[in-house]
Structure formats: structure tokens, C-alpha cells
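Biologist: Could you take me through one part of this model, the place where two helices pack together, and then show me what surrounds it? I'd be glad of a residue-by-residue view.

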Amino acid sequence: MSASAGGQRLPLFPLNTVLFPEGMLPLRVFEPRYMDMVTRCMREGSAFGVCLIAAGEEVGEAAVPHPVGTAAHIEQWDMEQAGLLTLLTRGGRRFRVVDHEVERDGLLVAEVCWLPEPAPQPVPTAQLDLLPLLQTIVAELGERLPPPHRFDDAGWVGARYAELLPVPLQARQRLLELDDVVSRLEILQQFLREHGLLPRIA
């Protein structure tokens with residue numbers, strides 16, 4: 001498989017989680033294929049792709065990924081013991097898997113196309129009631145959600161809620177795939193109201 005015009009080859013790390021742009025994802029890496037992948041990314045300053053698993057498991061044979069994922073950039077790393085890497089990664093751009101193949105060591109490598117990211121836009125007046133709760137959550141998380149904190153950007157606010165709320169993984173994946181950041185806010189606002197975390201509209 002070779003990347004077509006406009007595409008890019010990206011190693012994938014299929015996981016039972018969904019990474020959003022600018023989200024923080026700690027990882028423990030021990031399988032040889034992923035140790036090699038991470039070492040190469042650190043050496044080259046490159047990213048790898050995180051995709052929610054559609055079928056299969058995190059460990060063992062290569063899992064089948066959902067087609068939309070997020071690039072993960074390594075911000076911190078440590079080796080607590082031989083053969084175990086701990087990473088802190090931050091989400092970058094979203095991508096769509098065009099094609100993929102499994103290399104001899106079991107690593108999944110994909111040809112991806114990058115999805116357009118919406119320009120920053122303010123949180124609409126109708127969703128401003130989302131901000132106080134999120135500001136409280138972010139303050140409580142402290143270093144686990146480091147700056148920048150962009151409460152004035154609808155995309156950032158929606159992504160943080162989508163990754164922090166206890167929504168099913170498949171619903172979280174659908175929220176990742178949404179291009180309309182205001183629609184994402186509306187969905188999350190409705191979820192919070194239904195669960196008594198925001199006042200209902202009379």
C-alpha cells in the first residue's frame with residue numbers, strides 16, 4: 001500500500017477509547033509492535049493514529065478500527081521498567097482511513113486523508129449554560145487537562161464534554177465524526193439536561 005495523492009501513511013493504535021483533537025490520552029505501551037512504533041514516532045517527531053476498535057481486542061491480532069480517528073502526538077514519555085513505556089499524548093487532527101494493511105509485526109498501517117477542521121467559533125448564546133459546569137470540571141482535573149483551555153471556542157468545549165462525559169463509546173465515536181461543532185454542543189446539552197446536570201428548559 002502506498003499513499004495516494006493527498007493521502008498519508010499513518011501507523012494506527014486501535015484502542016477501546018476515542019481521542020478528540022486537543023484531548024489528552026495517557027498510554028502504557030508494552031507490545032513490541034507498538035514499542036517500535038512509538039520509538040520511531042519519537043525519533044522522527046511524527047504522530048500515530050488512535051482509532052476506536054470496531055472489532056477485535058487491544059492486545060494480540062490487529063483489530064479492525066473505526067474509519068475516523070485522531071492523530072496522537074507524544075508530549076511526555078517515561079520508561080518505568082524495561083519493556084514498558086508510559087506516554088502522555090495530545091490529540092491532533094482528525095482523519096479518515098482510506099485503506100489499511102497489517103505489517104509483518106502485526107502493526108496496522110493506514111492510508112489516511114485529513115478531515116477539515118472548522119475554524120474557531122464562539123459558543124452560541126443558547127449553549128452558554130454549558131460553560132460553568134465544564135469550567136468546574138477542568139479546574140478539578142488540574143494537571144490532567146493542561147492548558148490551553150479555550151472556553152470561548154465551541155469546538156473545544158464540545159470535544160472536552162464528549163471525552164469527559166460517561167457516554168457509550170459508539171456515541172462518543174459519532175460525536176467525533178460530526179463536522180458541525182454546534183450540533184455536537186446541542187447533543188451534549190440535551191444529554192446533560194436529561195441527566196439533571198443542567199436545568200431543563202420550561
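Modeller: Happily. In this predicted model, helix 2 (residues 131–141) packs against helix 3 (residues 154–164) at an angle of about 65 degrees, and their axes are 11 Å apart. The crossing of helix 2 and helix 3 is left-handed. On the helix 2 side, the contact is made by L131, L133, L134, I137, V138 and L141; on the helix 3 side, W156, V157, R160, Y161 and L164 meet them. Sorted by class, this contact has ten nonpolar residues, one charged residue and no polar ones. The spacing along each helix is easier to read with one rule in mind: an α-helix has 3.6 residues a turn, so residues three or four places apart point the same way.

Now follow helix 3 by itself. Helix 3 is mostly covered, with ten of its eleven residues buried. The buried set consists of A154, G155, W156, V157, G158, A159, R160, Y161, A162 and E163. Helix 2 is one part of the cover over these residues, and helix 4 (169–177) and helix 5 (181–194) also belong to it.

For the wider setting, an unreviewed UniProt entry carries the annotation "domain: Lon N-terminal" over residues 10–196. Across residues 10–196, the chain is 31% helix and 33% strand, and the C-alpha atoms at the two ends are 41 Å apart.

The strand portion deserves a stop too, and G49 is a good place to make it. G49 sits in strand 3 (residues 48–55) and is buried, at a relative accessible area of 0%. Beyond its neighbours within four places in sequence, G49 is in contact with L10, P11, L12, F13, T70, A71 and F95. The C-alpha atom of G49 is also 9.1 Å from that of V109, although 60 residues separate the two along the chain.

Last, the cysteines. A search of the whole structure finds zero disulfides. For C41, the nearest cysteine sulfur belongs to C51 and is 14 Å away, and C41 is in no disulfide. C51 is in no disulfide either; for C51 the nearest cysteine sulfur is that of C113, 12 Å away. Both distances can be set against the cut-off of 2.5 Å for a disulfide. C41 counts as buried because its relative accessibility is 4%, and C51 counts as buried because its relative accessibility is 0%.

Definitions and conventions: Residues are numbered from 1 along each chain as its sequence is written. This is a predicted model: local features need pLDDT of at least 70, side-chain atom pairs count only at pLDDT 80 or more; totals for chains, interfaces and linings use all residues. Side-chain values use heavy atoms; hydrogens and water are left out. Buried means under 20% relative accessible area, exposed over 50%, partly exposed in between (1.4 Å probe, protein chains only). UniProt positions are given in the numbering used here, feature names are shortened, and annotations may be inferred rather than shown by experiment. Helices (H or I, at least four residues) and strands (E, at least two) are DSSP runs, numbered from the N terminus. Axes are lines fitted to C-alpha atoms, for helices over the stretch in contact, and angles run from 0 to 180 degrees between N-to-C directions. A crossing is left-handed if the near helix is turned anticlockwise from the far one by less than a right angle, and right-handed if clockwise. Contact means heavy atoms within 4.5 Å. Ala, Val, Leu, Ile, Met, Phe, Trp, Tyr, Cys and Pro count as nonpolar, Asp, Glu, Lys and Arg as charged, and the others, Gly among them, as polar.
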